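Dear colleague,

I am handing over the structure below, and my notes on what was found in it follow directly after. Please read them with the coordinates open beside you.

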Amino acid sequence: MPAIFPRWTNKIPLAVGVGAPLVGAFLIFAIWYWWSPSFTDVGYRPKQPVPFSHALHAGDMGMDCRYCHNTVERAAHAAIPPSATCMNCHSQVKTDSPRLALIRTSYETGDSVPWVRVHQLPDYAYFDHRPHLAAGVGCVSCHGRIDGMDVVEMAKPMSMGWCLDCHRNPGPNLRPPSQVTNMNWAESEEAKSYDYKNDPERKRMPAPPVHCSGCHR
Amino acid sequence: MASSIKERDSLDPVRGRKLLVEGGPSFHDLTEQVCAPVESPGLAWWVAFLPSLGLLGVYGIALGWLLWEGVGVWGLNNPVDWGWAIVNFVFWVGIGHAGTLISAILFLFRQQWRTAVNRSAEAMTIFAVICALQFPTFHTGRPWLLYWTAPLPNQMEMWPNFRSPLLWDVFAVSTYFTVSLLFWYVGLVPDLATMRDRATTKIRRIAYGIFSLGWRGSTRHWQHYEKAYLLLAGLATPLVLSVHTIVSFDFAVSQLPGWHTTIFPPYFVAGAIFSGFAMVLTLLIPIRKWYGLEHIITIKHLENMAKIILLTGSLVGYAYGMEFFIAWYSGNPYESFAFVNRAFGPYAWAYWIMISCNVISPQLVWFKKIRRSPKALFVLSIFVNIGMWFERFVITVTSLHRDFLPSSWDYYSPTIWDLGMLIGSFGLFFTLFCLFLRYLPMIALAEVKAVMPEASPHFGEDH
């Protein structure tokens with residue numbers, strides 16, 4: 001009886017033996033890389049309706065974060081400042097800049113500026129800014145060097161695993177609570193020797209929750 | 001020869017036992033007869049296939065609506081949040097167990113009569129497990145997140161909870177499916193080579209050629225084959241027992257009166273074998289007739305299967321009695337109530353259907369006339385299938401609908417979509433089974449040939 005398959009088909013098992021692990025390895029890499037928030041989310045940088053520059057305001061002019069995001073220590077939600085906050089200065093400064101036209105209109109008409117939210121957690125995760133600031137987690141730990149960003153972008157993946165890594169081992173991200181808005185603290189001499197367990201400023205130790213109801217209330 | 005079923009079984013000239021293939025066909029005749037349905041299916045196949053395809057359409061519609069609209073299209077309510085989906089799941093998994101019992105356990109016990117039925121019984125297992133797997137997948141509210149039950153590293157740093165028997169189900173049923181498929185496929189390889197060598201068209205030759213993996217039937221091939229088959233049989237045997245045990249843990253691990261019972265694991269396994277064998281009879285009795293295979297799947301085979309049905313049916317009956325005894329003996333008011341409620345509550349009709357189908361009807365097998373009559377066994381097997389579906393219904397629903405708190409008592413009625421999923425799952429099953437009959441030899445040729453008297457080295461000797 002003649003052979004059904006040509007001789008080269010003898011090489012198929014070898015090809016499968018070599019190819020299958022390669023395909024498997026590539027699949028694992030592809031899912032790990034392109035499906036992970038550290039690839040898909042980090043660097044998200046939508047265009048904002050008003051070209052607000054954090055690099056100018058927080059960086060060059062050295063404004064404290066809490067001047068605008070004034071609820072961050074007192075509320076779960078860190079507020080986006082209303083147009084009125086902008087107009088505290090911009091009623092005097094750059095009053096006819098076309099880049100601020102939308103702010104002026106908003107201030108006059110009362111319509112909100114349609115800012116685009118960059119850090120968007122799903123609604124089943126109840127993030128609260130207060131305990132993080134109280135525990136001494138600096139802005140930089142989660143939002144990156146905002147003071148160097150002309151346009152805000154996501155610096156961290158905000159994935160559950162990323163949250164849990166810090167909740168399980170918070171030490172590296174803790175600083176004296178008085179330094180939370182200091183963008184340069186990590187480079188300081190104090191940071192190198194800082195041990196949150198021996199910080200006299202702290203009345204109690206942070207106890208980050210790792211159970212479900214910590215966030216998924 | 002197919003029609004000449006003798007009242008008394010003829011004897012094997014070598015072993016002196018009952019002959020497994022009647023009418024004395026040669027090896028070649030046997031190959032011709034078994035390959036005929038695959039090589040020229042005939043009208044009967046279409047008559048079976050097209051309605052099956054129609055029912056598969058029902059399944060598609062029921063599933064589509066379920067996914068679109070949500071699991072609330074079913075008749076579930078808050079006390080009874082496991083309804084037909086779980087009933088069907090356990091039903092189908094149970095059906096699947098006879099296949100592995102026939103192919104693995106009877107193989108370990110050297111029961112040669114298994115050879116005529118094992119191929120189709122294993123096919124039945126695989127298709128029944130496919131049907132079963134639909135239900136745990138789609139009874140979840142969000143089936144698209146089912147992969148969360150897999151222990152994979154992920155960006156949430158979350159793992160499944162290994163304490164839940166529903167997670168064990170995932171492992172049990174997927175392992176069971178994989179091992180059954182491998183077992184079936186290993187058994188198929190020599191027969192696929194036969195199909196390859198008989199193929200008349202190029203496509204068939206290439207297709208069977210690929211799947212027969214270059215089988216030439218050398219001694220070395222056969223030696224490895226037998227060893228692999230024995231190993232798989234040894235692996236599949238504990239699987240049969242553990243898989244349905246794990247399915248029974250879904251209930252037995254809970255705290256519910258009527259569910260929290262230690263008898264469940266063996267009792268569920270007995271029920272699975274009981275229903276599985278009934279399904280094998282339901283399938284094989286018409287098939288042997290339509291395909292003229294009555295000399296290969298003989299009355300003796302049917303009789304043996306009926307005896308296993310009698311055995312396991314009696315075990316199931318014992319378990320029903322024991323549940324009632326313990327309910328009374330425990331002195332627990334909830335437990336007693338659960339069983340009184342089964343027999344006399346709003347679902348008493350289901351309970352008594354179950355009792356009459358599962359406890360009373362298999363006892364008819366004691367009568368030789370009945371266990372040697374294909375017609376009677378066919379009817380009986382249908383009753384057993386119905387009864388075993390109701391067993392799962394009774395266990396699931398009657399325990400849930402009235403439990404500890406009377407304020408959470410309710411009555412569960414299925415909707416048309418529950419019915420659609422059940423009927424549709426039969427469509428899925430029969431479609432797959434018809435395709436099996438159409439493309440694969442439904443009798444393990446190589447194995448049947450090995451148990452024919454001619455295969456014995458002593459054949460033709462006079463001592």
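Trp32(A) sits in helix H1 of chain A, and I should say at once that this is a predicted model, to be read with the care that implies. The side of the cut-off on which this residue falls is clear: Trp32(A) counts as exposed because its relative accessible area is 58%, where exposed means over 50%.

Trp32(A) belongs to a nonpolar patch on the surface, which it forms together with Phe26(A), Phe29(A), Ile31(A), Tyr33(A), Trp34(A), Trp35(A) and Phe39(A). Taken together, the residues of this patch have about 940 Å² of accessible area, and the element that gives the most to the patch is helix H1 of chain A, spanning residues 12-34, with six residues.

Turning to the interior, how many cavities of 30 Å³ or more are there? The count comes to one, and the largest cavity holds about 40 Å³ of space.

The lining of the largest cavity is made up of Tyr267(B), Tyr320(B), Glu323(B), Phe324(B), Arg342(B), Tyr351(B), Met354(B), Val394(B) and Ile395(B), which by class are seven nonpolar residues, two charged and no polar. At least two lining residues come from each of three helices of chain B, namely H9 (299-330), H11 (348-360) and H13 (374-401), and of the elements that contribute, H9(B) gives the most, with three residues.

With best regards

Note on methods: Residues numbered from 1 in each chain as written. Chains lettered and ligands numbered in written order. Predicted model: local features only at pLDDT ≥ 70, side-chain atom pairs only at ≥ 80, totals over all residues. Heavy atoms only, no water. Patch = residues over 30% accessible without salt bridge, like charges linked within 9 Å, V, L, I, M, F, W, Y side chains within 5 Å. Areas by Shrake-Rupley, 256 points an atom, 1.4 Å probe, with all protein chains shown as cover. Salt bridge = Lys/Arg side-chain N within 4 Å of Asp/Glu carboxyl O. Helix = DSSP H or I, 4+ residues; strand = E, 2+ residues; numbered from the N terminus. Buried < 20%, exposed > 50% of the residue type's maximum accessible area, 1.4 Å probe, protein only. 1 Å grid on protein atoms, 1.4 Å probe; cavity = no way out; pocket = protein on both sides within 12 Å on 5 of 7 lines; lining within 4 Å. Points joined across faces, edges and corners; volume = space filled by probe spheres on them. Nonpolar A, V, L, I, M, F, W, Y, C, P; charged D, E, K, R; others polar.
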